[in-house]
2 protein chains.
Amino acid sequence: MAGARLSLTGTNLSRPFTSPTPSAYLRPTIISGVAQNLSYWDSIHSDIDSHLKKAIPIREPISVFEPMHHLTFAAPKTTASALCVAACELVGGNHEDAIVAASAIHLMHAAIYTHDHLMLTNSLQSDSETEPKISHKFGPNVELLTGDGILPFGFELLAGSMDPAGDNSDDILKVIIEITRAVGSQGMVTGQDSDGEFDQLIGQTRRCLHGCGAACGAILGGGSHDEIEKLRRYGSIAGNGVKDESLE
Amino acid sequence: MAGARLSLTGTNLSRPFTSPTPSAYLRPTIISGVAQNLSYWDSIHSDIDSHLKKAIPIREPISVFEPMHHLTFAAPKTTASALCVAACELVGGNHEDAIVAASAIHLMHAAIYTHDHLMLTNSLQSDSETEPKISHKFGPNVELLTGDGILPFGFELLAGSMDPAGDNSDDILKVIIEITRAVGSQGMVTGQDSDGEFDQLIGQTRRCLHGCGAACGAILGGGSHDEIEKLRRYGSIAGNGVKDESLE
């Protein structure tokens, strides 16, 4: 699997991993998505955008929701969230079952991206790296605070997607655990293991989201333990290998 | 209730709200706690500390876990987490049922406290307020990143406290929703409604944790909807009125 050809921008998901019965994973939706190449991913991102626009409208108080809205959409798209939906479909789940989790993953990514571009005093980064990569429309205090608000909002979205009968509570909690690990201590540890440098650390934390996204989609799609772990591995490798707009 | 005498440092929880049958809430543990005054709260904080010390030991990689450990315990105690345990017991639950949630609430508070004391460039705060209130042992980049890691770790602790049979999944998801609201957009909105100033905003966000803590305890203790809402209100008022070490 490590040598598998991974091309997320080219969207080759037809053989995400060697499986004894690969045809079982080739649902009609995925085949259609592969045939259309980028439009499959574009359609996922479009659905995530729509969900987030409804979840975070610009409303009163404007001073809270305008920065939340802006910073959520100012962060570049990440294939981590798209992988979540694709993985869900790959194991036989419905597209819609993974949109909330995929949206939550984008919110985690947006919060990290926002904080990653804060200007700090006593910076450990070199001068060239302290140049702001995004426009600091709201000032650092508001961006710090808003990033801190966006992250738990992702978990709120997820926890709130519990159906009234509570039939999906266990799966949602598993997904919350996956995401907390990816963006929390585990993501930091993974980065730390690979390289002690701060930039590598945050880069690796973001890459962890790819494995997490794929695993979350597999959980929500009702995948087996084996499928979840294979898709997590695929996602992690894809996260390392893909030229993601957000992974510079 | 709004006029009730609130004294958290003096620990008068014997009449947290007017109840038609107050004696039902006076469990032996609480009576003992009230009789001992501060020692009741001290014992709760001690239990939370023990739980967190096990959850975040200083281990390899040291560069990740030493800052997490340090910043978790560098934040002053908050009565929001103690209220969680007290509320759980008030509605008839066991002390132990609320320790994980109380620990998660302390982690949220610690993450906010850490970020609140980051030194930012282009600060909107006055000179006197930009003086560091805690020692910046690890430098701002690490403190920013660690705060970002501590917050999801709190949700990871909570989600991981699901029992194997999944009997408590719904309650845990409700608690996650409560906490995400308190530390996320809702906390920011509440602060924004009361005052547009940044310092007020973060102060109010932290105060929201008190109402949240009491509500979470009541949920985990099996309280009724009415009990949960009354305890939330009590906690919110207490959070505004109490001289909390962390609420300056």
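Pro152(A) counts as buried, because its relative accessibility is 0%. This is a predicted model, and Pro152(A) is a good place to enter it. The residue sits in helix H7 of chain A. Its contacts, leaving out residues up to four places away in sequence, are Leu151(B), Phe155(B), Thr180(B), Val183(B) and Gly184(B). Those partners carry the chain letter B. Within its own chain, Pro152(A) can be placed against Ala111(A). The two are 41 residues apart along the chain, and their C-alpha atoms are separated by 9.5 Å.

Now step back to the whole of chain A. It has 11 helices and zero strands. Read from the N terminus, the order of elements is α-α-α-α-α-α-α-α-α-α-α. The chain holds 248 residues, and 57% of them are buried. Next, take the contacts in chain A with a separation of 6 or more. Of these, 72% link residues 24 or more positions apart.

Return to the helix that holds Pro152(A). Which helix of chain B does H7(A) cross at roughly 155 degrees? It is helix H8, residues 169-183 of chain B. H7 itself covers residues 140-159 of chain A, and the two axes come within 8 Å. An angle over 145 degrees counts as roughly antiparallel, so H7(A) is roughly antiparallel to H8(B). The crossing is left-handed.

Look at the residues that meet there. H7(A) supplies Asp148(A), Gly149(A), Pro152(A), Phe155(A), Glu156(A) and Ala159(A). H8(B) supplies Leu173(B), Ile176(B), Ile177(B), Thr180(B), Arg181(B) and Val183(B). By class, the contact of H7(A) with H8(B) has seven nonpolar, two polar and three charged residues. Thr180(B) and Val183(B) appear here, and both were named above as contacts of Pro152(A).

Next, swap the chain letters. Helix H8 of chain A, residues 169-183, packs on helix H7 of chain B, residues 140-159. The angle is about 155 degrees, and the axes lie 8 Å apart. H8(A) and H7(B) are therefore roughly antiparallel to each other. H8(A) passes H7(B) in a left-handed crossing. On the H8(A) side stand Leu173(A), Ile176(A), Ile177(A), Thr180(A), Arg181(A) and Val183(A). On the H7(B) side stand Asp148(B), Gly149(B), Pro152(B), Phe155(B), Glu156(B) and Ala159(B). This contact has seven nonpolar, two polar and three charged residues.

A further helix pair lies inside chain A. Helix H4, residues 79-90, packs against helix H5, residues 99-116. The angle is about 165 degrees, with the axes 8 Å apart. That is why H4(A) and H5(A) are roughly antiparallel to each other. How is the crossing of H4(A) and H5(A) turned, left-handed or right-handed? It is right-handed. H4(A) makes the contact through Ala80(A), Ser81(A), Cys84(A) and Val85(A). H5(A) answers with Ile99(A), Ala101(A), Ala102(A), Ile105(A) and His106(A). By class, there are seven nonpolar, two polar and no charged residues.

Move to chain B and the loop between helix H4 (79-90) and helix H5 (99-116), where Asn94(B) lies. Asn94(B) has a relative accessible area of 46%, so it is partly exposed. Apart from neighbours within four places in sequence, it is in contact with Cys88(B) and Glu89(B). Its C-alpha atom is separated by 9.8 Å from that of Gly222(B), 128 residues apart along the chain.

Two loops deserve a look at the backbone. In chain A, a cis peptide bond joins Glu60(A) and Pro61(A), with omega about -10 degrees. Pro61(A) is found in the loop between helix H2 (38-55) and helix H3 (62-74) of chain A. In chain B, the peptide bond from Glu60(B) to Pro61(B) is cis, with omega near -10 degrees. Pro61(B) is placed in the loop between helix H2 (38-55) and H3 of chain B.

Finish in helix H3 of chain B, residues 62-74, which contains His69(B). Is His69(B) buried or exposed? Its relative accessibility is 18%, and buried means under 20%, so His69(B) counts as buried. Its side chain reaches the backbone oxygen of Ile56(B) at 2.7 Å. Not counting residues up to four places away in sequence, His69(B) touches Lys53(B), Ile56(B), Pro57(B) and Ile58(B).

Conventions: Residues numbered from 1 in each chain as written. Chains lettered and ligands numbered in written order. Predicted model: local features only at pLDDT ≥ 70, side-chain atom pairs only at ≥ 80, totals over all residues. Heavy atoms only, no water. Axes fitted to C-alpha atoms, helices over the stretch in contact; angles between N-to-C directions. Helix = DSSP H or I, 4+ residues; strand = E, 2+ residues; numbered from the N terminus. Parallel < 35°, antiparallel > 145°, perpendicular 65-115°, else oblique. Left-handed = near helix turned anticlockwise from the far one by under 90°. Contact = heavy atoms within 4.5 Å. Nonpolar A, V, L, I, M, F, W, Y, C, P; charged D, E, K, R; others polar. Buried < 20%, exposed > 50% of the residue type's maximum accessible area, 1.4 Å probe, protein only. Polar contact = N/O pair within 3.5 Å; in protein donor to acceptor, adjacent residues only side chain to side chain.
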